[in-house]
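Colleague: Could you take a close look at one small part of this chain for me? Please begin with a salt bridge and follow the contacts outward from there.

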Amino acid sequence: MNEAVKLVIIGIAAYALGNINPSIIIGKLKGIDIRKEGSGNAGMTNTIRVMGIGAGITVFVIDVLKAFIAVRIGISFGGKYGAMVAFACVILGHCFPAAFGFKGGKGVASAFGAALALNWPSALIAILVAGVLFGITRRMSVASLVAALSYPVLIWHFAPDYLYFSIGAAAFLMLMHMANIKRIAKGEEKPLTVGGSNKTDEKEQTK
């Protein structure tokens, strides 16, 4: 099979996997449109705020797994370039899912799953950094942003072939968090709470 055709197929498959959004699906099962609650983001953090820690953990696990599987498929059938195409497309599928009106999450958990499949040592260190910062600040956005910024440095050390790609991935995650960055700069970013206790605050921030 032609290499270009192979990469296109990998990209389509990865994008389709990215469309599996557990936050939206679990919300629908509970009679909730997660994109109209809390911050309006269909990801783990808003799921925890609106539906509780159990639902949030489920979302995290599924988002990580779908991206991990996508990138492993990319590596198996397309090598290094297949991995990068799968990484990019599964994140795009998560953030802009055609199945759900192109409105999904911000891609943090999926990016971790993809990074784990691409190079597990750098991914584990990045999530450790995120965990420490979350423990200190209780702000998932701060933890996610610093982890994203540290990722290219870690990749440069462990898998330098992916350096430029990792810079692009980190930049994309930064763009997806621009609203959070603005709130952090103003000192208005709220700490994570469980089960919907700060829905009103989040709606006001989003407005």
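Modeller: Start at D33, which is partly exposed, with 29% relative accessibility. Keep in mind that the model is predicted. Why "partly exposed"? The 29% of D33 falls between the limits of 20% and 50%, so that label applies.

D33 has a partner. Its side chain meets the side chain of R35 in a salt bridge, 3.5 Å from N to O. R35 has 17% relative accessibility, so R35 counts as buried. The cut-off for buried is under 20%. This bridge therefore joins a partly exposed residue to a buried one.

From R35, step to A42. Leaving out residues up to four places away in sequence, A42 touches R35 and I34. Its other contacts are N21, S23, I24, H94, G104 and G105. Where is A42 itself? A42 sits in the loop between α2 (22-29) and α3 (44-51). Is A42 buried or exposed? A42 is buried, because its relative accessible area is 0%. A loop residue, then, but a buried one.

Now compare sequence with space. A42 and K106 are 64 residues apart in sequence. Their C-alpha atoms are 7.7 Å apart.

K106 leads on to H177. Setting aside neighbours within four places in sequence, H177 is in contact with K106, V108, S144 and L145. H177 belongs to the loop between α8 and α9. H177 is buried, because its relative accessible area is 5%. So A42 and H177 are both buried residues in loops.

H177 brings us to the largest pocket. How much space lies in the largest pocket? About 900 Å³. There are 45 lining residues, and those closest to the centre are V108, A109, M140, S144 and H177. Look back at the contacts of H177: V108 and S144 are among them. Eight helices each give two or more residues to the lining: α3, α4, α5, α6, α7, α8, α9 (178-186) and α10 (199-206). Which element gives the most? That is α7, with seven residues. By type, the lining has 22 nonpolar, 14 polar and nine charged residues.

Next, the packing of nonpolar side chains. The largest nonpolar core has 30 residues. Which members touch the most others? They are V71, F87, V90, L118 and Y162. The elements that give two or more residues to this core are α1, α4, α5, α7 and α8 (163-176). The largest share comes from α4, with twelve residues. A second, separate core also has twelve residues, including I26, V50, M51 and F100.

Take V90 from the largest core. Not counting neighbours within four places in sequence, V90 is in contact with A14, Y15, L17, G18, K66, A67, A70 and A114. One of these, K66, takes us back to salt bridges. K66 bridges to D63, with the closest N and O atoms 3.0 Å apart. Both residues lie in helix α4, three residues apart, about one turn of the helix. K66 and D63 are both buried.

Set a further bridge beside that one. E3 and K6 meet through their side chains in a salt bridge of 3.5 Å, N to O. Why can E3 and K6 be one turn apart? They are three residues apart in helix α1 (residues 3-18), so about one helical turn separates them. E3 is partly exposed, with 48% relative accessible area. K6 is partly exposed too, at 22%. The structure holds four salt bridges, and the ones described here are among them.

Last, look at two backbone angles. Most residues other than glycine have a negative phi. F102 has a phi near 60 degrees, a positive value. F102 lies in the loop between α4 (53-95) and α5 (108-118). F102 is exposed, because its relative accessible area is 52% and the cut-off is over 50%. R138 also has a positive phi, near 60 degrees. R138 is placed in the loop between α6 (120-137) and α7 (140-158). R138 is partly exposed, at 41%.

Note on methods
Residues are numbered from 1 along each chain as its sequence is written. This is a predicted model: local features need pLDDT of at least 70, side-chain atom pairs count only at pLDDT 80 or more; totals for chains, interfaces and linings use all residues. Side-chain values use heavy atoms; hydrogens and water are left out. Helices (H or I, at least four residues) and strands (E, at least two) are DSSP runs, numbered from the N terminus. Buried means under 20% relative accessible area, exposed over 50%, partly exposed in between (1.4 Å probe, protein chains only). A nonpolar core is a set of buried Ala, Val, Leu, Ile, Met, Phe, Trp, Tyr and Cys residues joined through side-chain atoms within 4.5 Å. Contact means heavy atoms within 4.5 Å. On a 1 Å grid over the protein atoms alone, a cavity is a set of points where a 1.4 Å probe fits but cannot get out, and a pocket is an open set with protein on both sides within 12 Å along at least five of seven lines; lining residues have an atom within 4 Å of a point. Grid points are joined across faces, edges and corners, and a volume is the space filled by probe spheres set on the points. Ala, Val, Leu, Ile, Met, Phe, Trp, Tyr, Cys and Pro count as nonpolar, Asp, Glu, Lys and Arg as charged, and the others, Gly among them, as polar.
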